[in-house]
Amino acid sequence: MTDRPSTRISSRKQPKQARSAGLVATILEAAVQVLAKEGAPRFTTARVAEKAGVSIGSLYQYFPNKTAILFRLQSDEWRQTSQLLREILEDVERPPLARLRTLVHAFIRSECEEAAIRVALNDAAPLYRDAPEAQEARASGNRIIHAFMRETLPDAPEAVRALAGDLITTTFSAVGKDFSESPRTPAEIDIYAAAMADMFCAYLVSLGHR
């Protein structure tokens with residue numbers, strides 16, 4: 001992937017005017033299209049600039065290299081996932097296991113709908129996954145899961161709750177990726193998500209959910 005050599009993954013500057021924000025949105029939309037079509041190995045700032053119809057200089061005003069663009073796409077995806085977790089798991093008006101079932105269905109549907117871009121981002125992950133910014137973005141979702149486990153398993157030891165949270169999030173990531181790599185019908189998605197939710201709920205019940 002030809003690009004300017006740099007390890008920086010943060011955006012160069014944040015857009016403050018509507019016009020600048022529109023330019024960044026155009027660049028990111030083009031980046032998604034390039035990534036989905038070309039994959040991570042052929043992803044370059046030149047291809048993104050060409051697809052967006054902007055000069056490479058305009059792109060570099062906001063993103064110093066391809067890694068910064070890829071990290072922005074990934075961090076936006078992490079933010080959306082954290083928002084999904086928060087909206088569903090923090091809805092205390094519903095029983096915990098009902099919330100978990102809703103989350104499983106929503107997550108699997110999302111994985112299948114955005115499979116191409118998620119696979120490409122996973123391929124690009126070695127470029128930024130060890131950066132402090134990436135670790136903090138992932139930690140946000142983990143905190144929501146662990147808070148849900150404290151509510152769901154109030155009498156379980158902290159180590160048991162931590163293990164349950166880590167096991168569920170790891171399964172979400174691995175199984176969702178594997179399942180979404182092949183085209184799925186809505187019926188297949190519902191059946192698979194229901195079975196996955198049954199598995200998670202049975203596991204939490206076995207740990208002492210009341």
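Read from the N terminus, the elements of the protein chain go α-α-α-α-α-α-α-α-α. That makes nine helices and zero strands. Keep in mind that this is a predicted model. Of the 210 residues in the protein chain, 43% are buried. As for how the chain meets itself, take the contacts with a separation of 6 or more: 71% of them join residues 24 or more positions apart.

**How far to trust it**

The protein chain has a mean pLDDT of 86, with 90% of its residues at 70 or more. Among the elements, helix 2 (residues 45–52) has the highest mean pLDDT, 96. At the other end sits helix 6 (residues 115–124), with the lowest mean, 78. The stretch to be careful with is residues 1–6, where pLDDT stays under 50. The model does have 17 contacts beyond four places in sequence for residues 1–6. Still, where pLDDT is low, the predicted coordinates should not be read in detail.

**Helix 5 against helix 9**

How do helix 5 and helix 9 cross? The axes of helix 5 (residues 96–113) and helix 9 (residues 186–206) come within 9 Å, and the crossing angle is roughly 140°. The crossing of helix 5 past helix 9 is right-handed. On the helix 5 side, the contact is made by Leu97, Leu100, Arg101, Val104, His105, Ile108, Arg109 and Cys112. Helix 9 brings residues including Ile189, Ala193, Met196, Phe200 and Leu204, with Asp190 and Asp198 also among them. What kinds of residue make up this contact between helix 5 and helix 9? The split is 14 nonpolar, one polar and four charged.

**Aromatic pairs**

The structure holds four aromatic pairs. Two of them are set out here.

| Pair | Centre to centre | Angle between planes | Geometry |
|---|---|---|---|
| Phe71 and Trp78 | 6.3 Å | 70° | edge-to-face |
| Phe107 and Phe172 | 4.7 Å | 55° | tilted |

Phe71 and Trp78 are both buried, and so are Phe107 and Phe172. What does the pair of Phe107 and Phe172 tie together? Phe107 belongs to helix 5 and Phe172 to helix 8 (residues 158–180), so the pair links parts that are 65 residues apart in sequence. There's a third ring to add here: Phe107, Phe172 and Phe200 form one aromatic cluster. Phe200 also turns up in the contact that helix 9 makes with helix 5.

**Two spots on helix 4**

Phe71 is placed in helix 4 (residues 66–89). Is Phe71 buried or exposed? Its relative accessibility is 8%, so Phe71 counts as buried, the cut-off being under 20%. Along the sequence, Phe71 and Tyr128 are 57 residues apart, yet in space their C-alpha atoms are 6.7 Å apart.

Ile88 lies in helix 4 too. With a relative accessible area of 11%, Ile88 is buried as well. Which residues does Ile88 touch, leaving out those up to four places away in sequence? They are Arg99, Thr102, Leu103 and Ala106. For Thr102, the C-alpha separation from Ile88 is 7.2 Å, with their positions 14 residues apart along the chain.

Definitions and conventions: Residues numbered from 1 in each chain as written. Predicted model: local features only at pLDDT ≥ 70, side-chain atom pairs only at ≥ 80, totals over all residues. Heavy atoms only, no water. pLDDT = per-residue confidence, 0-100. Helix = DSSP H or I, 4+ residues; strand = E, 2+ residues; numbered from the N terminus. Contact = heavy atoms within 4.5 Å. Buried < 20%, exposed > 50% of the residue type's maximum accessible area, 1.4 Å probe, protein only. Axes fitted to C-alpha atoms, helices over the stretch in contact; angles between N-to-C directions. Left-handed = near helix turned anticlockwise from the far one by under 90°. Nonpolar A, V, L, I, M, F, W, Y, C, P; charged D, E, K, R; others polar. Phe/Tyr/Trp six-rings, centres within 6.5 Å; stacked < 30°, edge-to-face > 60°.
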